[in-house]
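Me: I'm new to reading protein structures, and I'd like a close look at a single part of this one. Could you pick one strand and walk me through its surroundings, then finish with some charged pairs elsewhere?

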Amino acid sequence: GMNAAVRAVTRMGIYVGAKVFLIYEGYEGLVEGGDNIKQANWLSVSNIIQLGGTVIGSARCKAFTTRAGRLRAARNLVEHGITNLCVIGGDGSLTGADIFRSEWAGLLEELVQDGQISEEVARQNCRLNIVGLVGSIDNDFCGTDMTIGTDSALHRIMEVIDAITTTAQSHQRTFVLEVMGRHCGYLALVSGLASGADWLFIPESPPEDGWEDLMCERLGETRSRGSRLNIIIIAEGAIDRNGKPISSNYVKDLVVKRLGFDTRVTVLGHVQRGGTPSAFDRVLSSKMGMEAVMALLEATPDTPACVVSLSGNQSVRLPLMECVQVTKDVQKAMDEKRFEEAIQLRGRSFENNWNIYKLLAHEKPAQEKTPFSLAILNVGAPAAGMNAAVRSAVRIAICQGHTVYVVNDGFEGLSKGQIREVGWHDVAGWLGRGGSMLGTKRTLPKTCMEKIVENIRKFNIQGLLVIGGFEAYEGVLQLVEARGQYEELCIIMCVIPATISNNVPGTDFSLGSDTAVNAAMESCDRIKQSASGTKRRVFIVETMGGYCGYLSTVTGIAVGADAAYVYEDPFTIHDLKANVEHLTDKMKTDIQRGLVLRNEKCHEHYTTEFLYNLYSSEGKGIFDCRINVLGHLQQGGAPTPFDRNYGTKLGVKAVLWMSEKLQAAYRKGRVFANSGDSACVIGLRKKVVAFSPVTELKKVTDFEHRLPQEQWWLNLRLMLKMLANYQISLTEYISGKMEHV
C-alpha cells in the first residue's frame, strides 16, 4: 500500500500547485542527499499502485539517529527549499520525524553559524511541517483503525492458511503457523478468527499456567469428533505468563510428544510483507495520501505534528506524539504483566476480536436450553462471507441454548419446508468457503406467504435471521407488513446485509463487497498489464452492482482507472466527450493505455457497446478499444479476510441482539413482537454496529433502483477524478478534523 500512498501524495501535491520531491531510500537518502532527492511529476508515479513494497525504497538509518546526521538532512532539505515532509513508516520513523521537527530551528541556526546557509535562506525555511502516514503490517500503532499494509498481510496469511488446510485435511495433520508480530498480536488474532484456528498465542494475552494440558486436551477432542486437521496460530512474540517466549517448535514438540499427531511448523516470515496490495490498502493509502497533503497545507506553527488516519470511513488527524505515547503504554503494560489493560489499550476492535475468538473457538455447552427456536436463511445472489455469518450465528445461538434451524434456498425453501436442525459441528470448516452453502434464491415472500406462515407455525420459529442482499431486506419488510394478517409473523427478525453491490440501506458496507472489489481489481490489474504491452489501447470494463456504483467506483480507485461511469453521478454526452479528449491527451505521453469502468446499469442508452463504439470512432488512429465484461467472477472466490471477519462479527452481534429481543417479547409461554424495532437490519455505520428497523429504512430507500437514497461513498468520486488528472474544484473536499486518542 505504500506505493498507492506515494502516488496519492505526489499527485495531490502537484494538483494543489506544490513542487513535489521523492526522497529515495528513506532517511538514508535524506542524510546522503544528492541523487536521492528528485523532483517528481505526474507520470513519475504512474503504474505503481498495484506493486507491493515501495518504489522509492526504504532503509533503516543509523546516521539519522544522531544530531550530526539530522544536520546533514536539514541542509539537504533547505537546498531544495523543502519545508513540508510526509513520512510513511512505523512508529520509529514517525518519532524520528517529530524529533527532527522539534530541532529544526536549532539545526538551521547551526548551519548559519557554520556558514553553510545564509540567514536569508534560514528565514525562508524557518518552519518544518511534518505529517505521518502509518505503514506497518502489524497494525500496532494506537489511534489508527488500520495501518497501511495490514490488510494485504492478512491476505497473504489467509492464502497460506487456505492452502495448508487442504493438505492438512488430506494427511490428518496438525499445523503450527507462525505469523509476524513481535509485540503485537493483531495479525495472529485476525487470522485466527478468520480461519477458525483451534488455538491462538498472542503477546497481549499469554495463556494461563498449565495451558499445555488444556491445549492438548482440546486438540484431542476435536480429532475424536471427526475433524481431520488442527491449526494453531502463534505470533512470533508469543510469551507465557512469566514473560518467557513460547516458540513454534516448543508447541510442535508438545503435540507430537503428548498426542502423537503428525505435526508441521510453517513460519510465514517475509511472505507477509510482499505481494500485490489488497483493494482496501490501495484505497486507504490513496485517501490518507490526499488528506496528508491537505494537513500540510493547513498546518500552522501551533498545530502539533499529526498522523493521518481513518476512523470509520472518515479521514481524521491525530497528534503524532499522543499516538506514540499510547503505543508505548501498551508495551509497558505488557512488560509489567498488566495483560488485561494491554488488550484494552490496543483499542475496541482488538478487544472485540479477542472476545469473539474465545466465544467461537471451542464449544461451551449452554447452561440451560431456552424455549426459543431460530431459523437462518440466505436470500438473493450469493456473496462471499455468507457462510462465515451462518457459522458464527449457529454457534452463538447454540451457546445461548436456542434450537437452531437452517433453511435451504431462501424464502422459497422456507415455504417448501426445507428446514433442518443443526449442531455446533455441522458448520465446521464453513468460514473460508465462498458462495452460499445453504443455497440462495431471489424469491420474495409475497409469492408464497401462506406456506411460509404455515412452516413458521409448524416448526415454532420465533426468530428469523436472513443473510442476503436487497431481497433479504425487502423480504423481511414484506413479512413485517403482513403481521396484521398473520400473527405467526409477530416474531423477531434480523437482516445481515450480504451482497457484492453494497446497496442495502442501514449499513456502510455489506458482506461480500470487499471480496468482489478485490476480484474486480485483480482482473483489471491483468487487463492493464496486457494494455501496457500492446500500447495505445483503451479497455472498457463493465462491472456488476445493479444500479449501485460502489463496486465500479472503489475498483476504479484501486486500479487507477481513467473514469468510472455510475448511475448515481449522472453524466451526459459532454462528459463522455471530455473523457475521450482526456484519453487522447494521455496517449501523447509515455502512458499509452487507458482503463474505463462502467457500472452495468449506469445509463439506459449509453451502454457498454455504445461506449465502445464512441471511443473507437473518436479514438481512430490514436488508440483502439476492447471490451471486458467481468460478470460472475465478481460473485465467486474465497472470501477476503475482511469478509470472513465481518461476517463472523455480524453473525455474533445479530444473534445476541435477537436473544435480547426474544427475552423481552416472551410472555405466557410465547413470543409476540409487533413493534417496529423487532425487525431490523444490522449494519456498520461509521464505526458503530447499529440496528435499524426495516420500517424506518423504507423511508430512505429508492425501491425502483434498489438503492439507499444517501450513500457515503459518493464522496470518493472526487478522489477518483483528481487522481486521474481531471481538473475539478476541491471546494467539495472535506478535510479531516484533529481528534485525540
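Reply: Let's start with one pair of residues: Leu464 has Met493 in E16 as its bridge partner. Keep in mind that this is a predicted model. That contact belongs to a longer pairing, since strand E15 (residues 463–468) and E16 run parallel and share 6 bridges. How does the chain get from one strand to the other? E15, helix H17 (residues 470–481) and E16 form a β-α-β unit, and its hand is right-handed.

E16 has another strand to pair with too. With strand E23 (residues 679–685), E16 again pairs in the parallel sense, this time over 3 bridges. If you want a spot to look for, find Val495, whose bridge partner in E23 is Val681.

Now, is E16 buried or exposed? Take strand E16 (residues 492–497) residue by residue and you'll find 6 of the 6 buried, so the strand is largely enclosed by the rest of the structure. Buried here means under 20% relative accessible area. You can split the strand by face as well: Ile492, Cys494 and Ile496 sit on one side, Met493, Val495 and Pro497 sit on the other, and both faces are covered. So Met493, the partner of Leu464, and Val495, the partner of Val681, are on one and the same face of E16.

Now for the charged pairs. Side chains of opposite charge can pair when their charged atoms come close. In this structure there are 36 salt bridges. One of them joins Arg72 and Glu32, at 3.7 Å from N to O. Arg72 belongs to helix H3 (residues 67–80) and Glu32 to helix H2 (residues 26–32), so this pair ties together parts that are 40 residues apart in sequence. Neither end is buried: Arg72 is partly exposed at 42% relative accessible area, and Glu32 is partly exposed at 49%.

Another salt bridge links Lys721 with Asp569, with their closest N and O atoms 3.0 Å apart. Here Lys721 lies in helix H24 (residues 716–723), while Asp569 is in the loop between strand E18 (563–565) and helix H20 (573–587), so the pair ties together parts 152 residues apart in sequence. Lys721 counts as partly exposed, at 28% relative accessibility.

Lys699 and Glu696 also meet in a salt bridge, at 3.2 Å from N to O. Lys699 is exposed at 56%, whereas Glu696 is partly exposed at 44%. Finally, look for Arg67, Arg70, Glu103 and Glu110, which salt bridges link into a network.

Note on methods: Residues numbered from 1 in each chain as written. Predicted model: local features only at pLDDT ≥ 70, side-chain atom pairs only at ≥ 80, totals over all residues. Heavy atoms only, no water. Salt bridge = Lys/Arg side-chain N within 4 Å of Asp/Glu carboxyl O. Helix = DSSP H or I, 4+ residues; strand = E, 2+ residues; numbered from the N terminus. Buried < 20%, exposed > 50% of the residue type's maximum accessible area, 1.4 Å probe, protein only. Pairing = 2+ DSSP bridges. Right-handed = clockwise from strand over helix to strand, strands pointing away.
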